[in-house]
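Me: I've got a model open and I'd like to learn how to read it feature by feature. Can we walk through it together?

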Amino acid sequence: MAKFTEEVREFFDIRRLVFRIGELAAMTDVSARQLRYWEKKGLISSEEREDGQQARVYTFKTFVRVSMIKYYLDTGYTLAAAGKLAAERQDRVQYIHRFITRGMRGMAQVDGQMAINLGPFDETQTLMALIPEADTDAVRYKLLPNEEAQRVTQNTPA
């Protein structure tokens with residue numbers, strides 16, 4: 001279980017992704033000049049370089065924020081409103097990221113179906129989310145005794 005958790009955390013470690021200003025501009029269709037302006041306005045920020053170089057670098061988080069700001073601008077919002085909406089949405093995404101990296105306990109086979117171990121429901125049961133077979137099916141949930149949930153989760157390859 002610990003190995004799975006570490007693999008998920010490493011997989012979702014977005015801090016390792018950085019982009020130079022030209023790369024960010026090309027990926028988002030926002031000019032480098034606009035990016036510098038947005039940075040001056042406090043809507044985005046570049047990272048300090050540890051290698052002593054002057055060129056700006058941006059994180060994946062900033063890539064997402066720039067993409068959202070551009071989306072809102074393209075739909076008619078002002079820059080200030082787009083920046084505010086992007087910041088609010090990014091705050092909500094942080095909760096989802098925290099859930100994925102800290103809440104998932106592993107995967108298991110339950111009733112012949114893949115399931116995500118969502119951790120203890122109470123002192124005796126664990127909540128399992130059964131992953132739907134098709135896009136049209138709904139996620140179902142099942143409570144398993146803690147010992148059984150731990151046994152099936154540990155026996156499932158990550």
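Me: Let's start with a pair of helices. At what angle do α2 and α3 pack, and how far apart are their axes?

Reply: Before the answer, keep in mind that this is a predicted model. Now the pair: the angle between α2 and α3 is about 105 degrees, and their axes are 9 Å apart.

Me: How do I put that angle into words: are α2 and α3 roughly parallel or roughly perpendicular?

Reply: The general idea is to sort angles into bands, and 65 to 115 degrees counts as roughly perpendicular. The angle here is about 105 degrees, so α2 and α3 are roughly perpendicular to each other.

Me: Which residues make the contact between α2 and α3?

Reply: On the α2 side look for Ile21, Leu24 and Ala25, and on the α3 side for Ala32, Leu35 and Arg36. Sorted by character, the residues of this contact are five nonpolar, no polar and one charged.

Me: What sits in the loop between α2 and α3?

Reply: Asp29 is in that loop. Check its backbone: Asp29 is not a glycine, yet its phi is positive, at about 60 degrees.

Me: Is Asp29 buried or exposed?

Reply: The way to read this is by relative accessible area, where anything over 50% counts as exposed. Asp29 has 61%, so it is exposed.

Me: Where else could I look for a positive phi in a residue that is not a glycine?

Reply: Try Asp111, with a phi of about 55 degrees. Asp111 lies in the loop between β3 (106-110) and β4 (113-120). It is exposed as well, with a relative accessible area of 57%.

Me: Let's go inside. How many residues are in the largest nonpolar core, and which have the most contacts inside it?

Reply: There are 15 residues in that core, and the ones with the most contacts inside it are Leu35, Trp38, Ile44, Val66 and Ile69. To read a core, ask next where its residues come from: α2 (21-28), α3 (32-40), α4 (60-74) and α5 (79-103) each supply at least two. The biggest giver is α4, with four residues.

Me: What does Trp38 touch, leaving aside its neighbours within four places in sequence?

Reply: Trp38 is in contact with Val30, Leu43, Ile44, Val66, Ile69, Lys70, Leu73 and Leu79. Beyond this core, a second, separate one has eight residues, including Ala108, Met128, Leu144 and Val152.

Me: And polar contacts? Which side chain is joined to that of Glu39?

Reply: Glu39 lies in helix α3, and a polar contact of 2.7 Å joins its side chain to that of Ser46. For the wider surroundings, skip residues up to four places away in sequence: Glu39 then touches Ile44, Ser45, Ser46, Arg56 and Tyr58.

Me: What about Asn117, is it buried or exposed?

Reply: The cut-off for buried is under 20% relative accessible area. Asn117 has 4%, so it is buried. You'll find Asn117 in strand β4, and a polar atom of its side chain lies 2.7 Å from the backbone nitrogen of Gly119. Not counting residues up to four places away in sequence, Asn117 touches several others, among them Gly103, Thr126, Leu127, Met128, Ala149 and Thr153.

Me: How should I read a residue between buried and exposed, and where is Pro132 found?

Reply: Between those two cut-offs, a residue is called partly exposed. Pro132 is found in the loop between β5 (125-130) and β6 (140-145), and at 23% relative accessible area it is partly exposed. It touches Gln113, Asp137, Ala138 and Val139, again not counting residues up to four places away in sequence. Pro132 and Gln113 are 19 residues apart along the chain, and their C-alpha atoms are separated by 8.1 Å.

Me: Now zoom out. How many helices and strands does the chain have?

Reply: Six helices and six strands. Reading along the sequence gives the pattern α-β-α-α-β-α-α-β-β-β-β-α.

Me: What share of the chain counts as buried?

Reply: Of its 158 residues, 31% count as buried. One more overview number: among contacts with a separation of 6 or more, 40% come from residues 24 or more positions apart.

Note on methods. Residues are numbered from 1 along each chain as its sequence is written. This is a predicted model: local features need pLDDT of at least 70, side-chain atom pairs count only at pLDDT 80 or more; totals for chains, interfaces and linings use all residues. Side-chain values use heavy atoms; hydrogens and water are left out. A nonpolar core is a set of buried Ala, Val, Leu, Ile, Met, Phe, Trp, Tyr and Cys residues joined through side-chain atoms within 4.5 Å. Buried means under 20% relative accessible area, exposed over 50%, partly exposed in between (1.4 Å probe, protein chains only). Contact means heavy atoms within 4.5 Å. Axes are lines fitted to C-alpha atoms, for helices over the stretch in contact, and angles run from 0 to 180 degrees between N-to-C directions. Angles under 35 degrees count as roughly parallel, over 145 as roughly antiparallel, 65 to 115 as roughly perpendicular and the rest as oblique. Ala, Val, Leu, Ile, Met, Phe, Trp, Tyr, Cys and Pro count as nonpolar, Asp, Glu, Lys and Arg as charged, and the others, Gly among them, as polar. A polar contact is a pair of N or O atoms within 3.5 Å; within protein, one must be able to donate a hydrogen and the other to accept it, and residues adjacent in sequence count only if both atoms are side-chain atoms.
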